[in-house]
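Here is a friendly walk through one protein chain, asked and answered a step at a time. Have the viewer open as you read.

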Amino acid sequence: MHELSICQSIIDLLSEQAAIAKFDRVVRVRLEIGCLAGVEPQALMFGFDVSARGTVADGAALEIIDLPAKAWCFDCDRTVDIETRGADCPLCSGGRLRVTGGDELRVKDLEVV
Ligand SMILES: [Zn+2]
């Protein structure tokens, strides 16, 4: 399961941060996930609870913030938000788009004690 390895790397990151920033426990993690990242939020939540057991993030709440994908529209000459790869431009309905973002997966911030 892809999500489980993602969770594992998040937990690794949190443990590292705990050592550096000297906190004992993470109570909340906010994750930003681009809508083209191919991550299933439910699976991620579940995987996080399992992976977090016995770590600094044990019992931490995981919040997921969905980010729209970004694409450059050659017709509008600007960046637009899209929801799926291959979508048409929401402004001009044109199809000349180049996807420029949407597969992000990053920790936005943490609440720690
Ligand atoms: Zn357009």
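The questions below go through the helices, the sheets and the cores of this predicted model.

Q: How far apart are the end C-alpha atoms of α1?
A: Start from the rise of 1.5 Å a residue: the 20 residues of α1 should span 28 Å. The model agrees with that expectation, as the separation of the end C-alpha atoms is 29 Å.

Q: Which residues of α1 are buried, and on how wide an arc around the axis do they lie?
A: The buried residues of α1 are Ile-6, Cys-7, Ile-10, Ile-11 and Leu-14. An α-helix has 3.6 residues a turn, so residues three or four places apart point the same way. The buried residues of α1 are accordingly on the same side of the helix, within an arc of only 140°.

Q: Which exposed residues sit on the face of α1 turned away from its buried side?
A: The buried side of α1 is covered by elements that include β1, α2 and β6. On the face turned away from that side, the exposed residues are His-2, Ser-5, Ser-9, Asp-12, Glu-16, Ala-19 and Ile-20.

Q: Is Glu-3 buried, partly exposed or exposed?
A: Glu-3 belongs to helix α1, residues 2-21. Beyond its neighbours within four places in sequence, Glu-3 is in contact with Val-39, Glu-40, Ala-43, Leu-44 and Gly-47. A buried residue needs 20 or more other C-beta atoms within 10 Å, and an exposed one has 12 or fewer. Glu-3 has 19, so Glu-3 is partly exposed.

Q: What distance separates the C-alpha atoms of Glu-3 and Met-45?
A: Along the chain, Glu-3 and Met-45 are 42 residues apart. In space, their C-alpha atoms are separated by 8.9 Å.

Q: Which residues of α2 are buried, and what arc do they cover?
A: α2 has twelve residues and reaches 16 Å from its first C-alpha to its last, close to the 16 Å expected. Its buried residues are Leu-44, Gly-47, Phe-48, Ser-51 and Ala-52. They are placed on the same side of α2, because the arc they cover around the axis is only 120°.

Q: Against which elements do the buried residues of α2 pack?
A: The face of α2 turned away from its buried side carries the exposed residues Gln-42 and Val-50. On the buried side, the packing partners are α1 and β2.

Q: Which element supplies the largest share of the largest nonpolar core?
A: This core has 15 residues, and those with the most contacts inside it are Cys-7, Ile-10, Ile-11, Val-29, Phe-48, Ala-57 and Ala-60. At least two residues of the core come from each of α1, β1 and α2. The largest share, five residues, is supplied by α1.

Q: How many residues does the second, separate core have?
A: Among the members of this second core are Ala-69, Cys-73, Ile-82 and Leu-97. The core is separate from the one above, and its size is seven residues.

Q: In which order do the strands of the sheet with mixed pairing stand?
A: Strand β1, residues 26-34, is joined to β2 by seven bridges, and the two run parallel. One pair across these strands is Glu-32 opposite Ile-65 in β2. The edge strands are β2 (61-67) and β6 (105-112), each pairing on one side only. The open sheet of three strands therefore reads, with its mixed pairing, β2-β1-β6.

Q: Why do β4 and β5 count as edge strands of the antiparallel sheet?
A: The three strands of this open sheet follow the order β4-β3-β5. One side of each edge strand is left without a neighbour in the sheet, because each has a single partner strand; the edge strands are β4 and β5 (97-101).

Q: Which residue takes a positive phi in the hairpin of β3 and β4?
A: Strands β3 (69-73) and β4 (78-82) pair in the antiparallel sense over five bridges. Cys-73 has Arg-78 in β4 as its bridge partner, and Ala-71 stands opposite Val-80. Four residues lie between the strands, and the positive phi, near 65°, belongs to Asp-77.

How values were computed
Residues numbered from 1 in each chain as written. Predicted model: local features only at pLDDT ≥ 70, side-chain atom pairs only at ≥ 80, totals over all residues. Contact = placed C-beta atoms within 7 Å. Core = buried A, V, L, I, M, F, W, Y, C linked by C-beta atoms within 7 Å. Expected span 1.5 Å × (residues − 1). Arc of directions from axis to C-beta.
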